[in-house]
Amino acid sequence: MKVLALNGSPRKTWNTATLLQKALDGAASQGAKTELIHLYDLNFKGCRSCFGCKTKGGESYGRCAVKDDLTPLLKQVAETDALFLGSPIYLGTVSGEMKSFLERLVFPYLTYTDPPASLCPKKIRTGLIYTMGVPEHMIEQVGYTRYFQQNEFFVSIILGACESLFCYDTYQFDDYSKVVADRFDVSKKAARRREVFPLDCQKAFDMGARFAKASASQPSISASATRQA
Ligand SMILES: Cc1cc2nc3c(=O)[nH]c(=O)nc-3n(C[C@H](O)[C@H](O)[C@H](O)COP(=O)(O)O)c2cc1C
């Protein structure tokens, strides 16, 4: 059983990466082979609108035609049993790198049919992990709820069962005294980091263990088999 996690933060040891590693630790506790890949290590761009993935009889139909560092990663994703996509929220959306990755993952598999269907060769249980500066009570007000639902909608059409994990009000700097960030109450931030972040880590671990257990008891089936059923 293979479980893959992709980090959409440029920081390799901070909030997002930590939660992704916890999810992988949970999966590993159930015997999964795990790997964490940092998107910022790779050289790639978002969809170029070439429509190679939509061209009738084309050699790239249902696959991304662009050749760059994402080419082997997209293949690896198609072969994994469970997937975790983690990103910080940057200006109200996932990071640019994660957005570019999602365009390249989702769009080639998404058919322009009514209703839309998936060309993904199999179902991949997916967890979306978001970390963000805003506190939980503000996410409706800043419009994030709808955005999160939209991502779940696209990912679930393409890959199958999908759920999200949210980590709010994150600790952002090594040393708050060195940055201009008067808006934040440093002692409250530190307390949250100490008391709530470990609970978020536990949730990520449990999610990883649950996904691995479910994948082991119900191995991924091909999308075409699902459609026929
Ligand atoms: C460029 C940038 C933009 C950000 N924009 C937002 C935002 O719109 N909303 C928010 O809640 N947090 C925002 N943040 C805070 C990060 O989402 C938050 O600190 C996150 O946990 C960082 O993840 P990391 O520690 O894994 O790098 C932003 C941070 C940066 C660097």
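# Helix packing, ligand contacts and backbone features

Me: Ser49 is found in the loop between which two elements?
Reply: In this predicted model, the loop that holds Ser49 is flanked by one strand and one helix. The strand spans 33-38, and the helix covers residues 70-79. The loop thus named runs between strand S2 and H2.

Me: What is the phi of Ser49?
Reply: Ser49 is a residue other than glycine, and its phi has a positive value. That phi is near 60 degrees.

Me: Which peptide bond is cis?
Reply: The bond in question leads into Pro115, a residue of the loop between H3 and strand S5 (125-131). Its omega is near 0 degrees. The cis bond is the one from Asp114 to Pro115.

Me: How are H1 and H6 oriented to each other, and why?
Reply: The axes of H1 (residues 15-28) and H6 (residues 197-217) come within 6 Å and cross at roughly 40 degrees. Angles under 35 degrees would count as roughly parallel, and those from 65 to 115 as roughly perpendicular. The pair falls in neither range and is therefore oblique.

Me: How do the residues of the contact of H1 with H6 divide by class?
Reply: H1 passes H6 in a right-handed crossing. On the H1 side the contact includes Thr18, Lys22 and Asp25, and on the H6 side it includes Phe197, Cys201 and Phe205. The residues divide into 9 nonpolar, 4 polar and 3 charged.

Me: Which term describes the orientation of H3 to H4?
Reply: Helix H3 (residues 96-109) and helix H4 (residues 144-159) pack with their axes 9 Å apart, at an angle of about 50 degrees. That angle makes H3, relative to H4, oblique.

Me: How many nonpolar residues does the contact of H3 with H4 have?
Reply: H3 passes H4 in a left-handed crossing. Leu102, Leu105, Val106 and Tyr109 of H3 meet Phe154, Val155, Ile158 and Leu159 of H4. With no polar and no charged residues, the nonpolar count is 8.

Me: Is the crossing of H2 and H3 left-handed or right-handed?
Reply: The axes of H2 (residues 70-79) and H3 come within 11 Å and cross at roughly 60 degrees. The two helices are therefore oblique to each other. The crossing in which H2 passes H3 is right-handed.

Me: Which residues of H3 make the contact with H2?
Reply: H2 contributes Leu70, Leu73, Leu74, Val77 and Ala78. By class, the contact has 8 nonpolar, no polar and 1 charged residues. From H3 come Phe101, Arg104, Leu105 and Tyr109.

Me: How many residues surround the ligand?
Reply: The closest residues are Thr16, Ile89, Thr131, Tyr144 and Thr170. The number surrounding the ligand is 17.

Me: What distance separates an oxygen atom of the ligand from an N or O atom in the side chain of Thr16?
Reply: Thr16 is one of the closest residues to the ligand. The distance from an N or O atom of its side chain to a ligand oxygen is 2.6 Å.

Me: Which residue has a backbone N or O atom 3.0 Å from an oxygen atom of the ligand, besides Gly92?
Reply: A polar backbone atom of Gly92 lies 3.0 Å from an oxygen atom of the ligand. A backbone N or O atom at 3.0 Å from a ligand oxygen also belongs to Val134.

How values were computed: Residues numbered from 1 in each chain as written. Predicted model: local features only at pLDDT ≥ 70, side-chain atom pairs only at ≥ 80, totals over all residues. Heavy atoms only, no water. Axes fitted to C-alpha atoms, helices over the stretch in contact; angles between N-to-C directions. Helix = DSSP H or I, 4+ residues; strand = E, 2+ residues; numbered from the N terminus. Parallel < 35°, antiparallel > 145°, perpendicular 65-115°, else oblique. Left-handed = near helix turned anticlockwise from the far one by under 90°. Contact = heavy atoms within 4.5 Å. Nonpolar A, V, L, I, M, F, W, Y, C, P; charged D, E, K, R; others polar. Near = heavy atom within 4 Å. Polar contact = N/O pair within 3.5 Å; in protein donor to acceptor, adjacent residues only side chain to side chain.
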